[in-house]
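Dear colleague,

Please find the structure we discussed below. My notes on it follow directly after.

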Amino acid sequence: MRRALVALFLSCALLATTAACGGDGEPGANGNATPTSTASFEQQRLAKTRFVANAGLAAGATYQWIVKPYREGKFKKGADGRAFALVKAGLAGTFAYNRLKAAVNNAKGDALLSKAVAPLTAGIDSLKDLGTKLRKGEASEADVGALENVINSVKDAGKSAGAEVTDKVPTTSQLGG
């Protein structure tokens, strides 16, 4: 019975996560206009604000549900609450990837921020399968370190462009979609 409940929870979480991945994709999606280099000051300010919000949520989720539990040994075989920690880490990894992609998209609305974030897209794209690795318990120290490096690079890029990012831990309902 317990296995059936865990399987049901994982299936629902996966469906909710993939449904939450839409919306902030490519510029111009959903009929939204793509910001240009002649965008008004207000549009640029909103781009930075959205960037800071999305990057902050990604950083908070990463630290709270991936880095911290990993360092506490909660992902090791035999650890108390390992299965639940892995599920939360998987959701957090998928959430962080989604928010980082949205932050890069938001950065396109500000010329300085766009230049600062552009080199990081390959690093962000490399994290695509991290959520699945975490959920299955296959993530290594290198995977967690890579995620931490990408988050720190995004934070540094934002700071250099005048958009300082601070960690904001999302609620568990935000993680699930």
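In this predicted model, Y70 counts as partly exposed, because its relative accessibility is 21% and the buried class ends at under 20%. Y70 is part of helix 2, which covers residues 41-71. Beyond its neighbours within four places in sequence, Y70 is in contact with F75, A139, S140, E141 and V144. Its C-alpha also lies 9.1 Å from that of A89, a residue 19 places away in sequence.

The adjacent residue R71 is exposed, with a relative accessible area of 59%. The side chain of R71 forms a salt bridge with that of E148, at 2.8 Å from N to O. Since E148 belongs to helix 7 and R71 to helix 2, this pair ties together parts that are 77 residues apart in sequence. E148 itself is partly exposed, at 22% relative accessibility.

The count of salt bridges comes to 5, and two others also involve helix 7. K133 and D143 meet through their side chains at 3.3 Å, N to O; the pair links helix 6, which holds K133, with helix 7, which holds D143, across 10 residues. Here D143 counts as buried at 17% relative accessibility, whereas K133 is partly exposed at 33%. The side chains of D167 and K155 form a further salt bridge, at 2.8 Å from N to O. D167 sits in the loop between helix 7 and helix 8 and K155 in helix 7, so this pair joins parts 12 residues apart in sequence. Both are partly exposed, D167 with a relative accessible area of 40% and K155 with 22%.

Helix 7 has 20 residues and spans 28 Å from its first C-alpha to its last, close to the expected 28 Å. Its buried residues include V144, L147, V150, I151 and V154. Just after this helix, G162 adopts a positive phi of about 85°.

Turning to the interior, the largest nonpolar core has 39 residues, and F51, L100 and V154 touch the most other members. Helices 2, 3, 4, 6 and 7 each give two or more residues to this core, and helix 3 gives the most, with 11. Leaving out residues up to four places away in sequence, L100 touches A58, I124, L127, V150, I151 and V154.

Finally, N106 lies in helix 3 and is buried, with a relative accessible area of 10%. On the same basis of leaving out residues up to four places away in sequence, N106 touches A47, R50, F51 and N54.

With kind regards

How values were computed:
Residues numbered from 1 in each chain as written. Predicted model: local features only at pLDDT ≥ 70, side-chain atom pairs only at ≥ 80, totals over all residues. Heavy atoms only, no water. Helix = DSSP H or I, 4+ residues; strand = E, 2+ residues; numbered from the N terminus. Buried < 20%, exposed > 50% of the residue type's maximum accessible area, 1.4 Å probe, protein only. Contact = heavy atoms within 4.5 Å. Core = buried A, V, L, I, M, F, W, Y, C linked by side-chain atoms within 4.5 Å. Expected span 1.5 Å × (residues − 1). Salt bridge = Lys/Arg side-chain N within 4 Å of Asp/Glu carboxyl O.
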